[in-house]
Amino acid sequence: MTHVDFAVVGGGIIGCTIARELALRAPHASVLVLEQDAVGSGASRRSAGLHFPRGATERVRRMAGYSQAYYRALLDADPALPIHPVPLLVVSDRAAVDQVEAAYLDEAGLSRVDALPDWLPPLSDETAAWTGEGCQYADVGALTRALARSLRPRTSFREGVFVASLDRVASGYELGFSTGERVTAGSVVLAPGPWLAAPAWRERLAPLGARVKKVVALHIEVPPAAEDGVVVFHDEDAFLLPLHEQRRWLFSYTSQVWDVDPDRLTGSVCAADLADAREVLFARAPRLAGSARSGRVFCDAYSANREPLVRALDEEGRLVFAGAANGSGYRLAPAIAAEAAHLLRRAVENVSDQGGQQ
Ligand SMILES: Cc1cc2nc3c(=O)[nH]c(=O)nc-3n(C[C@H](O)[C@H](O)[C@H](O)COP(=O)(O)OP(=O)(O)OC[C@H]3O[C@@H](n4cnc5c(N)ncnc54)[C@H](O)[C@@H]3O)c2cc1C
């Protein structure tokens, strides 16, 4: 039976950044990524892929700052990666001014403005706006595939392979696949995105209290101007993102449809999604609302306290869960990966001491 030092279950942006982190910290380790479909095809494929430099808590702000620097370094090293810096405009009710200014990182350099672009309703006594920096958006599926490409062949990938079982054994964990193959791993990271209820780990994850929520983003078939940046509507937790390379806008808003099953979502926008999104658009960007007719629908895992979950699931710290990033799994993935690798530091040190098991 094959034995690997680390098995990472889930080939999304979080699983692939974790595999990269393990490969960097333990260059001699054998790392195997398991993916039931194709790498970058889960929530990552449908992601709006916006990074903004903010967080509702100190930990998330720290994670956002870490991830921002990580993505900047990736792009500096390979300017062909599908990561696109974009200017930032934040709009909020005046009552939320302190909240906005506390949520954004210092490096966002928020600066109050007294006028909005002429395609948005003008500011009133009730509203406030800021410009800032540090935003970027990515084609997350393509970026995930690029990360996987950079890891091969040192890191192994099994795509189209469903992980059907996970059992504790003396050498770590034994994983059983849809192909009939069985592999043992010294340590396992579960990064299954919204597939929290898969039979192999449903019971282990239940105590974490994470839930799965629908996430919807509409496409607005109007080309943005070259100078347009992302407009964040703070109070609605919504944003308008100019997808310059696609010559259209994307509008992301907060759906409140909970406990969906990722295997049952069709990816199609329904009338209720359109109506909910247009309500926000008519209030905040009425000129674009009529052109919002299609989009992308999927789901994501959400934690109870709205901070990503990175947890050891056993006493020895050989089984780790990483995810439930609350619709921010792209922008926080590098920091999640660093936390997961930190939890596995004993295994990383052991492999490094032994020069790796081949
Ligand atoms: C419409 C939409 C817009 C979004 N916009 C943003 C945004 O602007 N900014 C942001 O930061 N985030 C955004 N998100 C959230 C972000 O995309 C997710 O948080 C992130 O992609 C999660 O990454 P992941 O690797 O955990 O999950 P996934 O990409 O879903 O990867 C998990 C992988 O695990 C695999 N898997 C599951 N079960 C098994 C099994 N039993 N065996 C083998 N493989 C398995 C799945 O096939 C999947 O590929 C958005 C999400 C959606 C849906």
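**Exercise 1. In this predicted model, find which residues Arg59 touches, leaving aside residues up to four places away in sequence.**

Solution. Start with the location: Arg59 belongs to helix H3, residues 58-77. With neighbours up to four places away in sequence not counted, Arg59 touches Glu307, Pro308, Val310 and Glu339. Next, look for a polar contact. The side chains of Arg59 and Glu339 make one, at 2.8 Å.

**Exercise 2. Decide whether Arg59 is buried or exposed.**

Solution. The relative accessible area of Arg59 is 18%. Buried means under 20%. Arg59 is therefore buried.

**Exercise 3. Describe the shell of residues around the ligand.**

Solution. First, take the residues that come nearest: of the 36 around the ligand, these are Glu35, Ala43, Ser44, Asp300 and Arg331. Then sort the shell by class, which gives 19 nonpolar, 13 polar and 4 charged residues. Finally, assign secondary structure. At least two shell residues each come from helix H1 (13-25), strand S2 (31-35), helix H2 (43-46), strand S15 (292-302) and helix H9 (329-343).

**Exercise 4. Examine polar atoms of Asp300, Val163 and Ile13 beside the ligand, and state how much of the ligand the protein covers.**

Solution. A polar side-chain atom of Asp300 is 2.7 Å from a ligand oxygen. For Val163, a backbone N or O atom lies 2.9 Å from a ligand nitrogen. A polar backbone atom of Ile13 is 3.3 Å from an oxygen of the ligand. On its own the ligand has 1000 Å² of accessible area, and the protein covers 98% of that.

**Exercise 5. Explain why the ligand lies between two domains.**

Solution. Domain 1 comprises 1-82 + 139-209 + 305-358, and domain 2 comprises 85-134 + 211-302. Both give residues to the shell, so the ligand lies between them.

Note on methods: Residues numbered from 1 in each chain as written. Predicted model: local features only at pLDDT ≥ 70, side-chain atom pairs only at ≥ 80, totals over all residues. Heavy atoms only, no water. Near = heavy atom within 4 Å. Polar contact = N/O pair within 3.5 Å; in protein donor to acceptor, adjacent residues only side chain to side chain. Areas by Shrake-Rupley, 256 points an atom, 1.4 Å probe, with all protein chains shown as cover. Helix = DSSP H or I, 4+ residues; strand = E, 2+ residues; numbered from the N terminus. Nonpolar A, V, L, I, M, F, W, Y, C, P; charged D, E, K, R; others polar. Domains from an automatic or database assignment. Buried < 20%, exposed > 50% of the residue type's maximum accessible area, 1.4 Å probe, protein only. Contact = heavy atoms within 4.5 Å.
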